[in-house]
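Work through these exercises with the structure open beside you. Try each task before you read its solution.

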Amino acid sequence: HIAWREDKFVPHNPSPIVHENAVYLVSDSGIASCRELATGKLLWKQRLGDDHSASPFLAEFLSQIQRLS
């Protein structure tokens, strides 16, 4: 069963993470976004800068982005 599908701002390399009712993604082109887990509704997005290949991680319940140089 697929609840929702999205093609914009999704990663090909970095893994998404789920925390509470949200899924956090960082696209390969450097756009971080957060979507509602149940519906896929875009809650926010922000350009981080250059291309990314690192996955986001959770630390003390705050989403952190690890950037590889």
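**Exercise 1: The whole protein**

The protein exposes about 5,000 Å², and carbon and sulfur atoms supply 50% of that area. Keep in mind that this is a predicted model.

Task: Find how many helices and strands the protein has, and what share of its residues is buried.

Solution.
- Step 1. Count the elements. There are zero helices and six strands.
- Step 2. Read along the sequence. The pattern is β-β-β-β-β-β.
- Step 3. Turn to burial. Of the 69 residues, 30% are buried.
- Step 4. Look at the contacts between residues at least 6 apart in sequence. Of these, 27% join residues at least 24 apart.

**Exercise 2: Confidence**

Task: Find which strand has the lowest confidence and which has the highest.

Solution.
- Step 1. Start with the average. The mean pLDDT of the protein is 78.
- Step 2. Check the spread. A value of 70 or more is reached by 81% of the residues.
- Step 3. Go to the low end. Confidence is lowest in strand β6, residues 62-65, with a mean of 50.
- Step 4. Go to the high end. Strand β4 has the highest confidence, at 91.

**Exercise 3: The sheet**

Task: Work out the strand order of the open sheet and name its edge strands.

Solution.
- Step 1. Recall how a sheet is held. Strands pair through backbone hydrogen bonds, either parallel or antiparallel.
- Step 2. Write down the order. The four strands of this open sheet run β1-β2-β3-β4, and the pairing is antiparallel.
- Step 3. Pick out the edges. β1 (17-19) and β4 (42-47) each pair on one side only.
- Step 4. Add the twist. From one strand to the next, it averages 20°.
- Step 5. Count bridges at each pairing. β1 and β2 (residues 22-26) share three bridges. β2 and β3 share five. β3 (residues 31-36) and β4 are joined by five.
- Step 6. Locate one partner at each pairing. V18 has V23 in β2 as its bridge partner. A22 stands opposite E36 in β3. R35 stands opposite L42 in β4.

**Exercise 4: Three hairpins**

Task: For each hairpin, find how many residues lie between the strands and which residue takes a positive phi.

Solution.
- Step 1. Take β1 and β2. Two residues lie between these strands, and E20 has a positive phi near 55°.
- Step 2. Look again at E20. Its positive phi occurs in a residue other than glycine.
- Step 3. Is E20 buried or exposed? Its relative accessibility is 65%, so E20 counts as exposed, since the cut-off for exposed is over 50%.
- Step 4. Take β2 and β3. Four residues lie between them, and G30 takes a positive phi near 90°.
- Step 5. Take β3 and β4. Five residues lie between them, and G40 takes a positive phi near 80°.

**Exercise 5: Strand β2 and the loop after it**

Task: Decide how many residues of β2 are buried, and which way they point.

Solution.
- Step 1. Count. Five of the five residues of β2 are buried, so the strand is largely enclosed by the rest of the structure.
- Step 2. Sort by direction. A22, Y24 and V26 point one way from β2. V23 and L25 point the other way.
- Step 3. Move on to S27. This residue sits in the loop between β2 and β3.
- Step 4. Apply the cut-off. Buried means under 20% relative accessible area. S27 has 3%, so it is buried.
- Step 5. Compare positions. S27 and P16 are 11 residues apart along the chain, and their C-alpha atoms are separated by 9.3 Å.

**Exercise 6: An aromatic pair**

Task: Find which residues form the one aromatic pair, and describe its geometry.

Solution.
- Step 1. Name the partners. The structure holds one aromatic pair, formed by Y24 and W44.
- Step 2. Give the geometry. The ring centres are 6.4 Å apart, with 55° between the planes, and the pair is tilted.
- Step 3. Place the partners. Y24 is in strand β2 and W44 in strand β4, so the pair ties together parts that are 20 residues apart in sequence.
- Step 4. Check burial. Y24 has a relative accessibility of 17%, so it counts as buried. W44 has 39%, so W44 counts as partly exposed.

Definitions and conventions: Residues are numbered from 1 along each chain as its sequence is written. This is a predicted model: local features need pLDDT of at least 70, side-chain atom pairs count only at pLDDT 80 or more; totals for chains, interfaces and linings use all residues. Side-chain values use heavy atoms; hydrogens and water are left out. Two strands pair if DSSP finds at least two bridges between them. Axes are lines fitted to C-alpha atoms, for helices over the stretch in contact, and angles run from 0 to 180 degrees between N-to-C directions. Buried means under 20% relative accessible area, exposed over 50%, partly exposed in between (1.4 Å probe, protein chains only). pLDDT is the predictor's confidence in each residue, from 0 to 100. Contact means heavy atoms within 4.5 Å. Accessible areas come from the Shrake-Rupley method with a 1.4 Å probe; for residues, only the protein chains shown count as cover. Rings of Phe, Tyr and Trp (its six-membered ring) pair if their centres lie within 6.5 Å; planes under 30 degrees apart count as stacked, over 60 as edge-to-face and the rest as tilted.
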